[in-house]
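User: I am new to this structure and would like a close look at one part of it. Please take me through how the strands pair, and then show me what lies around them.

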Amino acid sequence: QVQLVESGGGSVQTGGSLRLSCAPSGGTFDYATGWFRQAPGKEREFVATIDWNGGTTYYADSVKGRFTISRDNMKNMVYLQMNSLKPEDTALYYCASGRRASTWGSNYGYWGQGTQVTVST
């Protein structure tokens with residue numbers, strides 16, 4: 001069974017950047033991969049997704065122009081480059097793998113444990 005492992009989270013100031021990484025443990029990325037986030041007291045929300053060959057991407061309106069999702073299938077990695085970070089981006093970020101790129105979390109069968117991103121003023 002594929003397990004996903006996120007890394008790259010941390011604490012930055014407003015306007016800073018972070019790059020999150022997601023890698024499968026015990027398998028390969030044969031599917032679409034998405035990033036979701038959940039802030040304390042809020043529901044999980046979609047951030048970005050990319051299909052298996054990287055040809056299709058979708059972003060939440062709140063991150064368009066600031067975040068970029070990409071993948072390197074040779075390295076079996078998916079990335080989320082986050083620029084111009086804002087305090088409202090503070091959340092636990094999860095990567096997830098599913099059969100197709102979707103904004104709905106229910107379409108993803110495999111999830112990681114999450115990596116914390118904290119943006120301070």
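Analyst: Let's begin with the rule for pairing: two strands pair if DSSP finds at least two bridges between them. β9 and β11 are joined by three bridges, so they count as a pair under that rule. Please keep in mind that what you see is a predicted model.

β9 and β11 run antiparallel, and one place to find their contact is Leu 92, whose bridge partner in β11 is Gln 116. β11 also has a partner in β2, which covers residues 10-13. Here four bridges make the connection, and the two strands run parallel. To spot this pairing in the model, look for Ser 11, which is matched with Thr 118 in β11.

Now follow the side chains along β11, because they alternate and the 20% cut-off for buried residues separates the two faces. Thr 115, Val 117 and Val 119 point to one face and are buried. Gln 116, Thr 118 and Ser 120 point to the other face and are not buried. Notice that Gln 116, the bridge partner of Leu 92, and Thr 118, the bridge partner of Ser 11, both belong to the face that is not buried.

Let's move on to another group of strands. β1, β3, β8 and β7, in that order, make up an open sheet of four strands with antiparallel pairing. The edges are taken by β1 (3-7) and β7; each has a single partner strand, so one side of each has no neighbour in the sheet. On average, neighbouring strands here are turned by 20° against each other, direction ignored.

Within this sheet, β8 is a good strand to follow. On one side, five bridges join it to β3, with the two strands running antiparallel. β8 also pairs with β7 in the antiparallel sense, this time over six bridges. Met 82 lets you see both pairings: Leu 18 stands opposite Met 82, and Met 82 is also the bridge partner of Phe 67. β7 and β8 form a hairpin, with four residues between them. In its turn you will find Asn 76, with a positive phi of about 60°. β8 is mostly covered, as five of its six residues are buried.

What do these strands pack into? The largest nonpolar core has 28 residues, and those with the most contacts inside it include Phe 67, Leu 80 and Met 82, along with Trp 35, Val 47 and Tyr 93. At least two residues of this core come from each of β3 (18-25), β4 (32-38), β5 (45-50), β7 (67-72), β8 (77-82), β9 (91-98) and β11 (115-120). Phe 67 and Met 82 therefore have two roles in this picture: they are bridge partners, and they also rank among the residues with the most contacts in the core, where members are joined through side-chain atoms within 4.5 Å.

Just beyond β8, the charged side chains are worth a look. Side chains of opposite charge can pair when their charged atoms come close. Asp 89 forms a salt bridge with Arg 37, their closest N and O atoms being 2.9 Å apart. This pair links distant parts of the chain, since Asp 89 is in the loop between β8 and β9 while Arg 37 is in strand β4, 52 residues apart. Both of these residues are buried.

Asp 89 also meets Arg 66 in a salt bridge, at 2.7 Å from N to O. That pair again spans distant parts of the chain: Arg 66 is in the loop between β6 (57-59) and β7, and the two residues are 23 apart. Asp 89 counts as buried because its relative accessibility is 0%, and Arg 66 counts as buried at 11%. Arg 37, Glu 45, Arg 66 and Asp 89 are linked in a network of salt bridges.

The structure holds four salt bridges, and one of them joins Asp 61 and Lys 64 at 3.2 Å, N to O. Asp 61 counts as exposed because its relative accessibility is 65%.

Finally, look for empty space. There is one cavity of 30 Å³ or more, and about 40 Å³ of space lies in the largest cavity. Its lining is made up of Val 2, Thr 28, Phe 29, Asp 30, Tyr 31, Ser 97 and Tyr 110.

Key: Residues numbered from 1 in each chain as written. Predicted model: local features only at pLDDT ≥ 70, side-chain atom pairs only at ≥ 80, totals over all residues. Heavy atoms only, no water. Buried < 20%, exposed > 50% of the residue type's maximum accessible area, 1.4 Å probe, protein only. Salt bridge = Lys/Arg side-chain N within 4 Å of Asp/Glu carboxyl O. Axes fitted to C-alpha atoms, helices over the stretch in contact; angles between N-to-C directions. 1 Å grid on protein atoms, 1.4 Å probe; cavity = no way out; pocket = protein on both sides within 12 Å on 5 of 7 lines; lining within 4 Å. Points joined across faces, edges and corners; volume = space filled by probe spheres on them.
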